[in-house]
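Student: Could you take me through one part of this model at close range, and then set it beside another piece of packing in the chain? I would like a connected account rather than a list.

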Amino acid sequence: MTATDPAKAASRPVPVSIDPSIAPPGTRNFRDAGGIPADQWHADQNGETLVPTHCCFCGVQCGMYLRVDKGGKVFGVEPRNHDINRMRLCPKGINAYQQVNHPDRLTAPLMRRSRDEEFKECSWDEALDFTVSEIRRIQEAHGNDAFGLLGGASLFSEKTYLVGKFARVALKSKHVDYNGRLCMVSAAGANKLAFGIDRAGNPFSDILLTDCLLIAGSNVGECFPVMTQYLWGARDRGASLIVIDPRETAIARTADIHVAIKPGTDSAFFNAVLNVVIAEGLTDEAYIAANTTGWEEVKKTVAAYPPSRSAEICGVPASQIVQVARVFAGADKAMAWHARGIEHHSQGVENCLSVINLCVATGHIGKPGAGYGTITGQGNGQGGREHGQKSDLLPGGRSITNPEHRKQICQIWGIEESELPGAGTSMMEMVWQMQRGEIRGLIGICNNPFVSLPNYAVVKDGYDTAEFHAQFDFFLSETAANAHVVFPVTTWAEDEGVMANAEARVVKHNKAQEPPAGVRTDTWVICELARRLGAGKHFDFPGSREVFEELRVASAGTVNDYYGITYDRLDETGGIAWPCPSTEHPGTPRLFEDGRTYHPDGKIHMQVVEWHPPMDAYTEEYPLSLTTGRTVAHFLSGNQTRRLGALVEQTPRPWVEVHPSHGFRNGDPVRVVTRRGSEVFPALVTEAIRPDTVFIPYHWPVPTSANALTIDALDPRSKIPEYKVCAARIEAAERVDEVPAPPTPPGREAYPETQVSRTDPLPPTSPQGRGTAERS
Amino acid sequence: MMGRTIFIDPGRCIGCQACVSACRECDSHRGKSMIHLDYTEPGMSVASLPSVCMHCEDPVAPCAEVCPADAILVTADGVVQQADTTRCIGCSNCVNACPFGIPKIDLQAKLQMKCNLCYDRTAYGLAPMCATVCPTGALFYGTLEELQAERPGVQVADSFVFGDVVVQTGVAMVVPADKVQWPVPGGLPVVEINGRDVR
């Protein structure tokens, strides 16, 4: 392992901007305010050092300093004037450091031979040998593809590269996928179809230059709070803000236009907006003629979506559709950013394509302040799929079914092409295959499907059916609690590596402390498993740095070109956006400035989009839409944030958000029933949601799990689950179910002060204050 | 008014409580936050508002005025410090006197605690923790000119009316442009209740 000396890291030059002329609002004066610069402030206090790194959570990837005491332990956080966030942090980022030395950390491998036994701590050799013997047993009896691997998008890119290589070279299995499949693959698919490149078109700083910002299906204030400064920066310049969301979120509250759309109708809405744009002559015909294909077919299709028809489908006034069209198309420069709200659907790819069609038809693309972006949910949701962790991709975004691409990567890896497996299936499909006995063994790395996958009953059944299950994690997650072997691995603060944020800007995380005794890096564990499986010569990596060097070479010449990005350059610049083909290249923060896309013909391929209803049909029995999302205090499955006292205190339990028209009062126990099951939550009665829609945040396990109710229908192209809409009904219940505490590792006491569970049906404490008082 | 101070813009608050978490990180009261978040229209809207010490200027800090132990120092630059731990007797007079509901008493330690404008940071020219991290600029630290340079046309008020008493504060609040001449009633920029003009 290549360690970074914290003292040396702290003395590195302050990062400089990609575009220093652009600074988010309210930040310009912090550094020149006199006195000691923020990044040197603590450097000499009590032997304390500041290690520059980034937050471990969402796709904004805020820069931060970890405070390290003279004993070498992380004990605090200090804001960092990084180009992305300019000192800003959200509550998750501020509290993130508390998990590094948390008492719940796993510090020895856990093992049991069957699920009937209790976990026992064991040596690393025992855990590794048992895992390897189970892999061999299953593969010898049922073939290589009977063993699968599920990675995670919170891993550094080096580790996601290793996950893909390990599955194909050491396991020799086609079954590898990752939890980014649940994140932004719909946007990825749409961008690939339209532009031939899978990333946002513009950097965050372009938001400050736009005249009209359209946010579709993204609760920016809670899910990506630090991005809000860019929204306000644009508005300070006079930009209009359009928000498309079934709920009146914090940013929708102050938007110029808030379209409270019915879940699952986004493409009908955007088709109608484009219909109005065409009808009012607001298209950029010169741009379309010079740069696109497929426009005539798109035009024909959207003709069938007049505002009157879409207004009925979407449950919004037709006048709003016309208004959105005029404001967006009429702006000098307009941008559209979207997130899971339009992507988590059985037509997630089509929803994203309908937004792209709108941007392209109005010529709002490839210019400062004009373009599109997708807001990544996970820290490395973007980078996590770029280098071969996804079932159909090889490093550099190469296709595993393309003979030329296969040949290239086999040369780099030093294997025969016949040894390289084909495309596997997606994360949810792998669970179905486990249920059917087609996949009999599984290793999970850095994911928690017991909370994060839809239709919990199916997920539990799939994992229970598997003969062997191993999990890498630093806390005992709900999924790890089901495993036969749990490997205790490092947190983000105990290793170095890169992540790509929502702008496709590659940033470097630095090591702030040594891992606790007994804990190993994911890189070490993967390489050790490979060695014991007989593939050691392909996995001779002492640490992340060496993996990154191979990754750079493996990506050279592809669309996802990392070749010009080095650790040293990342330390000097604070981040470089790919493609970056040479070490002299400045990176590519903004795409298509020369009008050319990454398709061989250089054109934008506009795609026809037809709206179809959600997979779960509404009936008299299930008349409402259930939609799910995040709260600001928690991250994904909550395995990390549900252990941190301040975040638990901020949002101790889930709730169901219902409109006052249903007759409930705040705190009433409400049973939410779908075709998958039913659960009881306290009501949060608010006018900030549509009467025909209910909302549950999804960070908790059963018996208060939104994903016990959601449907495991998938988008046919991206295979993303339809989390954001399913048919439901609500009814009065007697009592609210208890919020379960996270599983506690064997031999440890529970830590009640870090987990607050409420059994009484008190009105929920919402970070947004929704419904915290009685309505008069 | 007013040098470098905090400006509160409730219109930008997204209720994320980053300020609350950041305040807990302050070295002078680690683990305890001196900020709280108010919800102005619960059940109707997601509107929220962070409350920090307003650092009253005229009359000089009611909390300091009523302190029987002279434990609350007001510095020359107008910062109302938290109670001096060697003097504070934990009597709660300051809690009762504050029109904004800011000081808190640690009942076990019998000590008052409140926002001291991160004096350990502002003395070095840094912004207070809350304003440093605030993702939206709902808490802004700087001068009025700096605020107006970034937010053209923005207007602020630093006087608050409580019945017959007007309190002038060091911390100011962003108000609608045409309301700047009016003292803010009750500490909140309320101009209309149930459609009725209450200015």
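**A strand pair and a helix pair**

Tutor: In this predicted model, A:Arg67 stands opposite A:Gly76, a residue of strand β3(A). That position belongs to a longer pairing, for strand β2 of chain A, residues 63-68, runs antiparallel to β3(A) and is joined to it by five bridges. The two strands are part of an open sheet of three strands in chain A, which follow the order β1-β2-β3 with antiparallel pairing. At the edges of this sheet lie β1 (49-54) and β3 (74-79) of chain A, each of which pairs on one side only. From one strand to the next, the twist averages 35°.

The helix packing can be described in a similar way. Helix α9 of chain A, residues 266-279, packs against helix α15 of chain A, residues 348-361, at an angle of about 15°, and their axes are 8 Å apart. Because angles under 35 degrees count as roughly parallel, α9(A) is roughly parallel to α15(A). The crossing in which α9(A) passes α15(A) is left-handed. On the α9(A) side, the residues that meet α15(A) include A:Phe270, A:Val273, A:Leu274 and A:Val277, together with A:Asp266. On the α15(A) side, the residues in this contact include A:Glu350, A:Val355, A:Leu358 and A:Ala361, as well as A:Asn351 and A:Asn357. Taken over both helices, the residues of the contact of α9(A) with α15(A) comprise seven nonpolar, five polar and two charged.

How values were computed. Residues are numbered from 1 along each chain as its sequence is written. Chains are lettered from A and ligands numbered from 1 in the order in which they are written. This is a predicted model: local features need pLDDT of at least 70, side-chain atom pairs count only at pLDDT 80 or more; totals for chains, interfaces and linings use all residues. Side-chain values use heavy atoms; hydrogens and water are left out. Axes are lines fitted to C-alpha atoms, for helices over the stretch in contact, and angles run from 0 to 180 degrees between N-to-C directions. Helices (H or I, at least four residues) and strands (E, at least two) are DSSP runs, numbered from the N terminus. Angles under 35 degrees count as roughly parallel, over 145 as roughly antiparallel, 65 to 115 as roughly perpendicular and the rest as oblique. A crossing is left-handed if the near helix is turned anticlockwise from the far one by less than a right angle, and right-handed if clockwise. Contact means heavy atoms within 4.5 Å. Ala, Val, Leu, Ile, Met, Phe, Trp, Tyr, Cys and Pro count as nonpolar, Asp, Glu, Lys and Arg as charged, and the others, Gly among them, as polar. Two strands pair if DSSP finds at least two bridges between them.
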